[in-house]
Amino acid sequence: MHTTMGSKDNGTLRSDAEAPTRRANMQTKLSHSPEQQTGQAAGTTAFVVSAYANANANTSLEKSKSASTAGAMLIWDLPLRLFHWLLVGAVTVAAITGFLAPEWWLDVHSWAGYTIGFLVIFRVLWGLWGTFYARFRSFIFPVDETLAHLRALAQKKPGHYKGHNPAGALMVFTLLGTLIALTVSGLIILGGQENIGVLAGYVSFATGSGAVEFHEILAFGLLGLIGAHLVGVLIESLLSRENLVRAMIDGRKSVSPVHAQSCVGHADTSAVNQRELPPAKRVWARAISTVLMVLLAGSGAAWALLKTPPNGYVAMPANKTYASECGDCHQAYHPSLLPGSSWKKLMAGLEDHFGEDASLDDESAKEVYAFLRRYASDKWDSEAANNLRQVATKNPITITATPYWQRRHKDIGKSVFAQKRSAPKAIVLPATKMR
Ligand code: HEC
């Protein structure tokens, strides 16, 4: 750790004039002082003291440099930048497949969602034990400082912050919160409506459907936030004459005295604090172990959730009588394709069943009827069942007459239905929840 303090980046920024400010800073703004953190990390204050000695030893050499050239130092560590741009990619894919693509892109959409979830978890952990400027505590600002920054911004004189400024910090937290809510609501929809994903079987169809609106509102909200984020970056870049997009690529931000002087009001006095990120090797080790941890914990949780068939998540048992008696002339339809009331009517008229005699002996009829009612659409909780509960008033025993069936098949040409094909003996639907 000692050796890093004397390295180039660090040295460039040292100057005698800044040293007292730095010390004053340590006392007044402990919460934002990187030095304090370093001290903690090293577990000793002696380190801080020796760091200053080290810095002062360098100052005469570096003084002229820092006065003339704009200093730039590594602020955003590589894992943070990777996170940022991977997130941009994943959100782009999720937005395109969510807003524009038809439903069969759901696979890609949900994988983008899982990626976002993992990235956000990584960011939260990195906000706890990442490098200094990545940590949340380095950009949790008091309300008055945030307001002061916004006021200064309105006067086009915002103070310069090496890490996130208060407005940017607010944006980071809002974006992360929105992404978490989007990921969670996405999982609820996937589990409830589609019966897939880690929450399949735990969430009812109704809850899944309820989450759709929330998910959509959040998605539009996210678009708005992204817009605001881009405008914010543009404005801050113009006002501070620093390319913040480039800073998120190479990680370097300016900490020149010019910038330090442009600070107004409550602006970040840590702009004159000096700190270099820990050696890349250590950052990498920490980042990789964090990623592994997220993946391990994530897949562990997913495995545990998928392994236990949750309560109410059932596969329909086969019924031999039904399959043989009602699968003779056509496939044995899944009972969830009609509600119980329709099965009642159908079973009451088997002698004239669509022009055929399909009557059964009493015992078989009883068994078949009990089976049909037990797994009827009003008891089954799949997407189709939920939609097929509404039957055609004039033709309540015909699946193909239901409004939902009609809606889903309206674009399929008559010629397709006229084709001769061998239909399966029975429609097998995946297990779902019971209502
Ligand atoms: C003797 C042959 C025969 C038997 C046995 C039979 N059906 Fe049918 N079923 C038909 C015919 C014919 C139709 C009308 C044409 C079609 O939709 O395939 C039909 C239609 C249906 C439909 C409407 C399908 C649609 O298009 O929406 C349902 C539901 C149905 N049957 C249920 C049953 C059940 C339940 C049983 C057992 C109790 C049964 N069927 C036994 C001949 C049979």
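How many of the 28 residues of H13 are buried? The tour below reaches the answer after a view of the whole chain.

**The whole chain**

Begin with everything displayed. This is a predicted model. The chain contains 19 helices and four strands. Of its 435 residues, 30% are buried. Among contacts between residues at least 6 apart in sequence, 73% join residues at least 24 apart.

**Helix H13**

Select residues 280-307, which form helix H13. The number of buried residues among the 28 of H13 is two, so this helix lies largely in the open. Next, mark the C-alpha atoms at the two ends of H13: they are 39 Å apart, which agrees with the 40 Å that 28 residues should span at 1.5 Å a residue.

**Helix H7**

Now add residues 106-129, which make up helix H7. H7 has 24 residues, and the distance from its first C-alpha to its last is 34 Å, close to the 34 Å expected at 1.5 Å a residue. Colour the buried residues of H7, which include His 109, Ser 110, Ala 112, Gly 113, Ile 116 and Gly 117. Further along H7, Leu 119, Val 120, Phe 122, Arg 123 and Trp 126 are also among the buried residues. To see what covers them, display helix H6 (78-99) and helix H9 (166-193) together with H13; the cover includes these three helices.

**Where H7 meets H13**

Hide the other elements and keep H7 and H13 in view. Two packed helices are described by the angle between their axes and the distance between the axes. The axes of H7 and H13 come within 10 Å and cross at roughly 135 degrees. The two helices are therefore oblique to each other, and their crossing is right-handed. On the H7 side, select Phe 118, Ile 121, Phe 122, Leu 125, Trp 126 and Trp 129; on the H13 side, select Arg 286, Thr 290, Val 291, Val 294 and Gly 298. Together these residues make the contact, and they divide into eight nonpolar, two polar and one charged. Phe 122 and Trp 126 deserve a second look, as both belong to this contact and both are buried.

**Leu 239 in helix H10**

For the last stop, select residues 205-240, helix H10, and find Leu 239 within it. Is Leu 239 buried or partly exposed? Leu 239 is partly exposed, with 15 other C-beta atoms within 10 Å. Leaving aside neighbours within four places in sequence, Leu 239 is in contact with Lys 156 and Pro 158. Finally, select Leu 153: its C-alpha is 8.6 Å from that of Leu 239, although the two residues are 86 apart in sequence.

Conventions: Residues numbered from 1 in each chain as written. Predicted model: local features only at pLDDT ≥ 70, side-chain atom pairs only at ≥ 80, totals over all residues. Axes fitted to C-alpha atoms, helices over the stretch in contact; angles between N-to-C directions. Parallel < 35°, antiparallel > 145°, perpendicular 65-115°, else oblique. Left-handed = near helix turned anticlockwise from the far one by under 90°. Contact = placed C-beta atoms within 7 Å. Nonpolar A, V, L, I, M, F, W, Y, C, P; charged D, E, K, R; others polar. Expected span 1.5 Å × (residues − 1). Buried ≥ 20, exposed ≤ 12 C-beta atoms within 10 Å, placed from the backbone.
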